[in-house]
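Q: Hi! Could you walk me through this one? I'd like to get my bearings before going back to the bench.
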Amino acid sequence: MEFTLITGRTINQGRGKEHGKFSEEYLVNVAVCEMNPEDMRRLNIKDGMNIRVTTEVGSVIVKARKSRRIKTPGVIFMPYGPWANAVTKPESEGTGMPLLKGLKANVEPTKDEVSNLKDLLIEAYGSSKIVKSEEQKLWM
Amino acid sequence: MDVILSVVCPVCGCCCDDLEALVDNNRIVDVRNACALGAAKFLNYSRHRNTKPLIRKNGRLVEASLEEAIERSAEILANASYPLLYGWSSTSCEAIRVGLELAEEVGGVIDNTSTICHGPSVIAIQEVGLPACTLGQIRHRADLIVYWGSNPWSAHPRHIERYTALAEGRFQKAIWKRYLSRLVFESASKRRYRVASLMFKGGSASPPAPEVFSQLLPPSEERKLVVVDVQRTRTADLADFFIRVEPGGDYDVLQALRALIRDEELDVDEVAGVPIETLEELADLMVNARFGMIFFGLGLTMSVGRSRNVEAAIKLTRDLNRYTKFLIMPMRGHFNVTGADTVFTWQTGYPYAVDFSHGYPRYNPGETSAIDVLTKDDVDAALVVASDPVSNFPRKCVENLVKKPLIVIDSHMSATALVADVVIPSAFVGIEAEGTTYRMDHVPLPLKKIVEPPEGCLPDEEILRMMLERVRDIKGRESS
């Protein structure tokens, strides 16, 4: 089933950002995809289950979250952030702005785990610049 | 313990200036009047923070002195033929001014976060203008507030309370009471529905409260709140009138409204999922307002149509002014994104996406904007100031950004700082450093310094000035 992916701001994404991009608070609030309950039933997805969101650019694994606010079946919502941007297209059609609301996407349940930000960066851009053991040394 | 009054909040475009910070021994212990976002920033700003300059050596980021980090950054920028200088919306106007000097010196392209926020709005405003006012006018006078493709409950939590529907104005009253009584009514009808469903095992019970509350519209002299969005946000819960548009349907709905306002008949039953009767009601409401206001958000700028959506919204406002007073304003995100546009314009003539590679400023969004220069892999180095493009840009752009020499000036340890070649920690402007910011309605406000920064963390402006001087030295010019 094809979905329309909308990315946007949520208050918890905004709060998580202030706690730090590598914080647990940010991960649990941003690596999610909100779905209409009917769509979830149809695809046999339970609240909190891991799902793979795929667009023509790539795919990313996030947690499914039931949302009663998305009334239109076929619409899914992801908060702004590195997980959503793993599947957004860069073409700006002459405006400088990529299409961040209204992309076509597919959703399927998966057993794979949600990557934390650091692992997501390593998966996407290689480990030439990111070394796992650095983590503790850099932060107060 | 010291209480510092009238602190300007450095989070969103509302720049609330009534915060009170409680400071004990150079530590913020509490902040009054702040929203969830403001409180999260003031109380957590010191977490996940780097306080030492870092330079990448043999693939690893290692601690370095500030002089070394500035020297390495200046070398990268001076030797690059087309560097990108990006960020700027979360720093002070004073720092942005130095950033523009630096961009001109190195012949690079400088862009601020408008580019993936209200960039399309700027393009539309340049086409058709913007009838706007300050937020104070709206607080006191506006009797019809429309949030279109914008969810202030999440992105600008105090906007409704300070400036629109829930604000107590001189000539317009807050809608608190009406909202609360509607809430009670709705929850009672939901309870009734639940009981009825249990008794009849579903099926024959009447459905829960309808989405459009047209039958409950308040008397004409009272302030009204309308929300137009693709999903029923929490802001929509507050509204007297909520209209759900299909994703990507805003342009059609705006143009349909323009036609209805001109008294033209539309020969269709619905537009982008909105019944024509609902649009007629909204058109009526708008024409009959005494002072109407449209706040539009990224729902218009990030969806299909982008700048054309905003253009249609502004033209709708222009049309409405034939009948009544109507104004429109973009809901700017970062606290100083308006300031970034203002300083860019005052220095170069253009608000964002400014290219100095020809020796003079050029502006062509779609060509000189950050997303496009990165997608085309044009840039050969980058300086990021107070921003995190690695988190916020599409992956293809980030791939091209990461493989080039990258300098980051930021107080946070962000995803961009983690993949940078030079990281220079700075003081948080608005908390540890002073500066000027512009609220979303272009009102300049002073950001306060309420605590001392960690040792060695300088304000962005100072770091940039040091970098500029070193670049000038390297390029063999006299520093001014």
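A: Happy to! One definition before we start: a helix axis here is a line fitted to C-alpha atoms over the stretch in contact, and angles run from 0 to 180 degrees between N-to-C directions. Also keep in mind that this is a predicted model.

Q: Got it. So how do helix 1 of chain A and helix 1 of chain B cross, and within what distance do the axes come?
A: The axes of helix 1 of chain A (residues 11-19) and helix 1 of chain B (residues 36-44) come within 8 Å, crossing at roughly 10 degrees. Angles under 35 degrees count as roughly parallel, so helix 1 of chain A and helix 1 of chain B are roughly parallel to each other.

Q: Which residues make that contact?
A: From helix 1 of chain A you have A:Ile11, A:Gly14, A:Arg15, A:Glu18 and A:His19, and from helix 1 of chain B there are B:Ala36, B:Leu37, B:Ala40, B:Lys41 and B:Asn44. By class, that contact has four nonpolar, three polar and three charged residues.

Q: Which residues of helix 1 of chain A are buried?
A: A:Gln13, A:Gly14, A:Gly16, A:Lys17 and A:Glu18 are buried. Their cover includes helix 2 (24-30) and strand 5 of chain A, along with helix 1 and helix 6 (152-155) of chain B.

Q: And what follows helix 1 of chain A?
A: A:Gly20 does, and its phi is positive, near 120 degrees.

Q: Switching topic: where is A:Lys71, and is A:Lys71 buried or exposed?
A: Look in the loop between strand 4 (59-66) and strand 5 (75-79) of chain A. A:Lys71 is partly exposed, because 14 other C-beta atoms lie within 10 Å.

Q: What is A:Lys71 in contact with?
A: Setting aside neighbours within four places in sequence, A:Lys71 is in contact with B:Gln231, B:Arg232 and B:Arg244.

Q: Over to chain B, then. What does the domain assignment give?
A: Domain 1 is 50-116 + 335-432 + 451-474, and domain 2 is 119-175 + 218-330. The centres of the two domains of chain B, taken over C-alpha atoms, are 36 Å apart.

Q: How do helix 3 and helix 14 of chain B cross?
A: The axes of helix 3 (residues 93-106) and helix 14 (residues 337-348) of chain B come within 9 Å and cross at roughly 40 degrees. That makes helix 3 of chain B oblique to helix 14 of chain B, and the crossing is right-handed.

Q: Which residues meet there?
A: B:Cys93, B:Ile96, B:Arg97 and B:Leu100 of helix 3 meet B:Gly339, B:Ala340, B:Val343, B:Phe344, B:Gln347 and B:Thr348 of helix 14. That contact has six nonpolar, three polar and one charged residues.

Terms used
Residues numbered from 1 in each chain as written. Chains lettered and ligands numbered in written order. Predicted model: local features only at pLDDT ≥ 70, side-chain atom pairs only at ≥ 80, totals over all residues. Helix = DSSP H or I, 4+ residues; strand = E, 2+ residues; numbered from the N terminus. Parallel < 35°, antiparallel > 145°, perpendicular 65-115°, else oblique. Left-handed = near helix turned anticlockwise from the far one by under 90°. Contact = placed C-beta atoms within 7 Å. Nonpolar A, V, L, I, M, F, W, Y, C, P; charged D, E, K, R; others polar. Buried ≥ 20, exposed ≤ 12 C-beta atoms within 10 Å, placed from the backbone. Domains from an automatic or database assignment.
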